[in-house]
Amino acid sequence: MLEDFFKVVKKRFNDDEEEKTPVFKCPRCQTAVPMPRYEELHRVCPACNYHGRLSAAERIGITVDKESFHEFDADMKSGDPIDFPDYTEKQEALREETGLNDAVVTGTALIKGSPVVIGVMDSRYMMGSMGSVVGEKIARAFEYAADNNLPVVMFTCSGGARMQEGIVSLMQMAKTSGAVKLHSDKGGLYITVLTDPTTGGVTASFASLGDVIIAEPKILIGFAGRRVIESTIKQRLPEDFQLAEFMLDKGFIDMIVERRKMRSVLSHLLKLHGYNKKEV
Amino acid sequence: MDEKKTAWERLQIVHTKGRPTVRDYIPLIFTDFYEMHGDRLYGDDKAVIGGVARLDNRPVTVIGIVKGRDITENKECNFAMPHPEGYRKALRLARQAEKFHRPIVCLIDTPGAFCGIAAEERGQGEAIAKNIAEFMTLRTPIISIVLGEGGSGGALALGVCDELAVLQNASYSVLSPRGFASILWKDASREQEACEIMRTTAEDLVHLGVAEAIIEEPLGGAHNDLDKISENIKEYLSCIISKKCEKDIDVLLKERYTKFRKIGEFSE
């Protein structure tokens, strides 16, 4: 009986809201935004300017010149290095669902005419976690850029190391950081764009190694997760802890750039470092 | 070597009270150890110990993450969980070693980098990332040994090396079994189960290409015979450092890069 009562209340409550339009609820300010409006704004909350998550394809679409993207290693798929239960099956389901083969897309592209190697992580694939494929694709991207005197622009978004690959995932931190260093020692420019969320083993490797580190507004950046810290120190953390603005204040990022200005800022930075329009 | 012990049983050995710590080993493996302090940026993290010493007759730089032997020592060294300044001290000493052409010995024994407000504010992620990238190209041989626990990025910050050795009962993992169970199954009490599937034993690490050598422990564990285990570590170090010092440095660096570059399993 009580259950029926709740059903009625729930139904009435639901009826009050817009019935059919899906709604995005901002994780920062809790404002409800109709999904079409939110998508029109490229997934930026109109109330608080929180920059929500984009798929890799959406990100590439709003960042690079039309038709200029050429993907690397599109078919690379992860093995199962520690024979983790259901890992292979889980990935097959995710491939079906997302159309991705793993959590990062890499390739070459032009940004307002300047050639770059670009990498974009996608949080829909196991929270953008880094395993063998993410490590290998990122290392190859930096090696290619080093060999061809190209800059690298990397959009990060990750929960950290991929637990299902155990210690092998930890080693990807060394693999990717080594490749960043190789590219850097050859004089290559590396611009990191931190997007929501960038944490754990990705923060503690290639995401923190950019010559220029940009972040989108209000996004989460950190090494340890909020809950882990709260349970270690047994107290609540301030609301703004680990947000982009907090990290800017602490000196770990160079600038916060809004999504609508990102392409133009990247283009200017590339040109300021001498990476000009490709002469055709 | 008793290879029949499970990962969980070995973890219990590593957690045995009285298991030797970096402070126990240093005087038995090295001579003339002079400890150096501070990162020259913020402070002196007592979770990381470092300095110059001799191994046989050769000057070396020793850097270790240190556990306490009792509660007083553990409070001081924060239970071997470094803050960013600890990793930055390690990097300072590593660069000093490169300048004076000394090989580096890293002794790893940590549950992981500390998770706290101050650690985040001072850039825990950046400090670890910087160490990983810089150690990759330091122009001097680096040997790392996991003595007990090698916990995650906090261990890898001293784990980019030319060769990694693991004590027989030690483990090296992406996360503690407890954290692993809690993240994957939302149930920390399944830590024993996690421990067995994580593939963190010395033999697993060699098999996965993460470690190159296993250092044998006395029967029942390192705590049963400190002299013997120190002798085993010293013997390993003397041999491997002589070998690495003979190599051309550019060849060594290429091999170091490749060692990490080839870890991973994928198809295309």
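## A residue at the centre of contacts

In this predicted model, Ile132(B) touches residues of both chains: Met173(A), Ala174(A), Ser177(A) and Ser205(A) on one side, and Leu156(B), Ala157(B) and Val160(B) on the other, leaving aside residues up to four places away in sequence.

Ile132(B) also stands out within the largest nonpolar core, which holds 153 residues; together with Phe142(A) and Val166(B), Ile132(B) touches the most other members. Helix α6(A) gives this core its largest share, nine residues. In soluble globular proteins, nonpolar side chains tend to be buried together.

## Where the chains meet

The contact between the chains involves 48 residues of chain A and 43 residues of chain B. On the side of chain A that touches chain B, at least two residues come from each of β4 (77–78), α5, α6 (166–185), α7 (200–203) and α8 (226–233). Of these elements, α6(A) supplies the largest share, with 15 residues. By character, the residues on this side of chain A comprise 24 nonpolar, 16 polar and eight charged.

Strand pairing also links the chains. β4(A) runs antiparallel to strand β9 of chain B (residues 266–267), and two bridges join them. Lys77(A) has Ser267(B), in β9(B), as its bridge partner.

## The sheet of chain A

Chain A contains an open sheet of seven strands with mixed pairing, in the order β3-β5-β6-β7-β8-β9-β10. Its edges are β3 (70–72) and β10 (255–256); each has a single partner strand, so one side of each is left without a neighbour in the sheet.

At the β3 edge, β3(A) pairs with β5(A), residues 104–111, in the antiparallel sense over three bridges. Within this part of the sheet, Glu71(A) stands opposite Gly107(A) of β5(A). Helix α5(A), residues 132–147, packs on the sheet and touches β3, β5, β6 (114–121) and β7 (152–158) of chain A, its direction making about 25° with that of β5(A).

## Helix α10 of chain A

Helix α10(A) covers residues 259–272, and its 14 residues should span 20 Å at 1.5 Å a residue; the end C-alpha atoms are 20 Å apart, which agrees with that expectation. Just after the helix, Gly274(A) takes a positive phi of about 90°.

Which residues of α10(A) are buried? They are Arg259(A), Met262(A), Leu266(A), Ser267(A), Leu269(A) and Leu270(A). An α-helix has 3.6 residues a turn, so residues three or four places apart point the same way. The buried residues of α10(A) pack against α3 (56–63) and against the strands β5, β6, β7, β8 (190–198) and β9 (212–215) of chain A.

Terms used. Residues are numbered from 1 along each chain as its sequence is written. Chains are lettered from A and ligands numbered from 1 in the order in which they are written. This is a predicted model: local features need pLDDT of at least 70, side-chain atom pairs count only at pLDDT 80 or more; totals for chains, interfaces and linings use all residues. Two strands pair if DSSP finds at least two bridges between them. Helices (H or I, at least four residues) and strands (E, at least two) are DSSP runs, numbered from the N terminus. Two residues are in contact if their C-beta atoms, placed from the backbone, lie within 7 Å. Axes are lines fitted to C-alpha atoms, for helices over the stretch in contact, and angles run from 0 to 180 degrees between N-to-C directions. Ala, Val, Leu, Ile, Met, Phe, Trp, Tyr, Cys and Pro count as nonpolar, Asp, Glu, Lys and Arg as charged, and the others, Gly among them, as polar. The expected span of a helix is 1.5 Å times one less than its number of residues. A residue is buried if 20 or more other C-beta atoms lie within 10 Å of its own, exposed if 12 or fewer, and partly exposed in between; C-beta atoms are placed from the backbone. A nonpolar core is a set of buried Ala, Val, Leu, Ile, Met, Phe, Trp, Tyr and Cys residues joined through C-beta atoms within 7 Å.
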